[in-house]
Amino acid sequence: MGNQLQLDAVNRAIIFQLQQDGRLTNLELAKRVGLTPAPCLRRVKRLEEAGVIVGYRAVVDPVALGRGLQVWVEVEVYATDQKTIETFEDTVAGYDEVVDFHRMFGRPDYFLRVAVADHAAYEGFVTGKLTGLPGVQRITSHLAMKKIKAEA
């Protein structure tokens, strides 16, 4: 947070309401948090300017997009040279199937969330894209049994 904006109860309520529905009108948002529209809008603008609110987006149904199978993937690499690591990261980050990609402390080296249509598409992704990348030592896949909670 750049400007160290005070996150009082009203600011937290604004953030909560916008996380639930980023398309709320300022009038509806103001009603929900107990403000009149003008001060509510000023608070939202300050939250945006301070970098607390960094954007608005559409949350889509992966099944409707033909990407209903989500797999969490651990990748361990044996490469330690910067060029191989950069190439690996740039390549994987460019894959459309990869929706989250993190370099981790400790093991695994990387954690990915991959969204594809089905098991066959995932197998094609792993064998056709991940396995052949220089430096890849081990790939471990995890499929969720049930979604309990997810934040957009």
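Start with Arg43 and what surrounds it. Leaving aside its neighbours within four places in sequence, Arg43 is in contact with Asp8, Val10, Asn11, Ile14 and Leu35. Arg43 itself belongs to helix 3. This is a predicted model, so please hear every value as computed from it.

Is Arg43 buried or exposed? Its relative accessibility is 18%, and the cut-off for buried is under 20%, so Arg43 counts as buried.

Several of those contacts take us to helix 1. Helix 1 covers residues 9-20, 12 residues in all. From first C-alpha to last it reaches 16 Å, close to the 16 Å expected at 1.5 Å a residue. At the N-terminal end of helix 1, Asp8 acts as the cap, with a side-chain oxygen 3.2 Å from the backbone nitrogen of Val10. Asp8 and Val10 are also both among the contacts of Arg43.

Which residues of helix 1 are buried? They are Asn11, Ile14, Ile15, Gln17 and Leu18. Looking down the helix axis, these buried residues fall within an arc of 165 degrees, so they line one face of helix 1. As a reminder, an α-helix has 3.6 residues a turn, so residues three or four places apart point the same way. On the other side of helix 1, Ala9, Arg12, Gln19 and Gln20 are exposed. The cover over the buried residues includes helix 2, residues 26-33, and helix 3, residues 37-49.

Now the nonpolar cores. The largest has 21 residues, and Val75 and Tyr122 touch the most other members. Elements giving two or more residues to this core are strand 1 (69-77), helix 4 (82-93), strand 3 (110-116) and helix 5 (119-130). Strand 1 provides the largest share, five residues.

Take Tyr122 on its own. What does Tyr122 contact, leaving aside neighbours within four places in sequence? The list is Leu69, Val71, Val73, Val114, Val116 and Ser141. Apart from the largest core lies another one, of 13 residues, and its members include Ile14, Ala30, Cys40 and Val44. Ile14 we have already met, as a buried residue of helix 1 and as a contact of Arg43.

Last, the strands. Strand 2, residues 98-103, pairs with strand 3 in the antiparallel sense, over five bridges. Within that pairing, Val98 stands opposite Val114 of strand 3, and Val114 is one of the contacts of Tyr122. The hairpin formed by strand 2 and strand 3 has six residues between the strands, and there Gly106 takes a positive phi near 75 degrees.

Notes
Residues numbered from 1 in each chain as written. Predicted model: local features only at pLDDT ≥ 70, side-chain atom pairs only at ≥ 80, totals over all residues. Heavy atoms only, no water. Helix = DSSP H or I, 4+ residues; strand = E, 2+ residues; numbered from the N terminus. Expected span 1.5 Å × (residues − 1). Buried < 20%, exposed > 50% of the residue type's maximum accessible area, 1.4 Å probe, protein only. Arc of directions from axis to C-beta. Contact = heavy atoms within 4.5 Å. Polar contact = N/O pair within 3.5 Å; in protein donor to acceptor, adjacent residues only side chain to side chain. Core = buried A, V, L, I, M, F, W, Y, C linked by side-chain atoms within 4.5 Å. Pairing = 2+ DSSP bridges.
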